[in-house]
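Please examine the sequence and the three-dimensional structure shown here before reading on.

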Amino acid sequence: MDGYTLTHKTPTKKDFLDTADFDQSEMLDIIKLSRTVRDYIKKGGYLNSLYHKSLAMLFEQKSTRTRVSFEVAMEQLGGHALNLAPGAIQLGKHETIEDTAQVLGRMCDMIMSRVDRHESIEALAKYAKCPVINGMSDRVHPTQGVGDMITIFDHWPAGKESNDVKVVFVGDATQVCNTICEITTKMGMHFVHYGPENHKISDEWLRKGQENARKYGGSAIWSDDPACLFGADFIYTDVWYGLYDKETPKEVYMADFYPKYQVNDELLNATGNPNVKFLHCLPANRNEEVTDSVLDGPHSVAWDEAENRLTAQRGLVLYFGNVAEATLDYIKKGGK
Ligand code: CP
């Protein structure tokens, strides 16, 4: 199939709350759309698919990548993004999330939100009549997952099929770990969470990965044995301090993770793969979960990964803005 034809002409769901709500063909549609639009824009193409459309960006937490990538994506597609930072609107002390959702859903064409608790993104989706995109909750980080899969496809190990590719997530079972388990197994890959038992991926997410593996091939396991690193094509890590709104003290998390789970040159060597790639969702706590030598070294694709947040957000706002097919037709005809 070419880069212009989608399996699904319109989204099957109004909202993008979790990659687990979508099947493989739907996720591949979003990834394909994102990559085709990226290639067109990189060659100097212009798009106006979201002309006069607005995206409300509602943040309960700080953000660099998610905020900037959605704002730039909307601007590049002819639309507009409103940055509703913590404390900037009535939400919280004077207005509920449900009432905020009703108002924003009538004024804006889409909402993207980063929330402290997953229940809040579900409430936004329930009460807003427009599409809602999850910009990270305590449970999952689905827009990160789309950008990460794009990066994995961009750096695909030569000659391998999906069922031969192994992704090892090292360290804390963050919401990013949950999403990476879900999306890599949905693509038929082998997923390993390598981390201490008191921070292991939950049975719920491991089961979701194993259900995907039964459907698409691959596997999903947790291990604290460094032997599980062997044969990895991708090593992924995230910070060790836990949720932003209730960060674990440094002395506690260092005792749990350091030095065994630090991604350093020795850990990369333990994969036995000279072409192994390193991923990090960022921000990184340098020389805690990853050394400078790895993050800035030849195996790192973390900066491509950060750029692919923008690649993914363009695809997501086009897809959930219901202009994916029209945009791909326009590009296919050569655009203007
Ligand atoms: N990876 C990520 O979501 O980065 P921000 O917190 O800066 O958005």
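The following paragraphs treat the domains, then the ligand site, and then the polar contacts of the ligand.

The structure is a predicted model. Its protein chain is divided into two parts by domain assignment: domain 1 comprises 19–141 + 309–331, and domain 2 comprises 156–300. Taken over C-alpha atoms, the centres of domain 1 and domain 2 are separated by 26 Å. To the contact between them, domain 1 contributes 20 residues and domain 2 contributes 19 residues.

The ligand occupies the largest pocket. Each of domain 1 and domain 2 supplies at least three residues to the shell around the ligand. With a cut-off of 4 Å, the surrounding residues are Ser 63, Thr 64, Arg 65, Thr 66, Arg 114, His 141, Gln 144, Tyr 244, Cys 281, Leu 282 and Arg 309. By class, this shell consists of five polar, three charged and three nonpolar residues.

Several of these residues place polar atoms beside the ligand, within the 3.5 Å cut-off for a polar contact. Arg 114 has a polar side-chain atom 2.7 Å from a ligand oxygen atom. Gln 144 also uses its side chain, in which an N or O atom lies 2.9 Å from a nitrogen atom of the ligand. Leu 282, by contrast, participates through its backbone: an N or O atom there is 2.8 Å from a ligand nitrogen atom. The ligand taken alone exposes 250 Å², of which the protein buries 97%.

Methods:
Residues are numbered from 1 along each chain as its sequence is written. This is a predicted model: local features need pLDDT of at least 70, side-chain atom pairs count only at pLDDT 80 or more; totals for chains, interfaces and linings use all residues. Side-chain values use heavy atoms; hydrogens and water are left out. A polar contact is a pair of N or O atoms within 3.5 Å; within protein, one must be able to donate a hydrogen and the other to accept it, and residues adjacent in sequence count only if both atoms are side-chain atoms. Accessible areas come from the Shrake-Rupley method with a 1.4 Å probe; for residues, only the protein chains shown count as cover. On a 1 Å grid over the protein atoms alone, a cavity is a set of points where a 1.4 Å probe fits but cannot get out, and a pocket is an open set with protein on both sides within 12 Å along at least five of seven lines; lining residues have an atom within 4 Å of a point. A molecule sits in a cavity or pocket if more than half of its atoms lie within 2 Å of its grid points. Ala, Val, Leu, Ile, Met, Phe, Trp, Tyr, Cys and Pro count as nonpolar, Asp, Glu, Lys and Arg as charged, and the others, Gly among them, as polar. Domain bounds come from an automatic or database domain assignment. Contact means heavy atoms within 4.5 Å.
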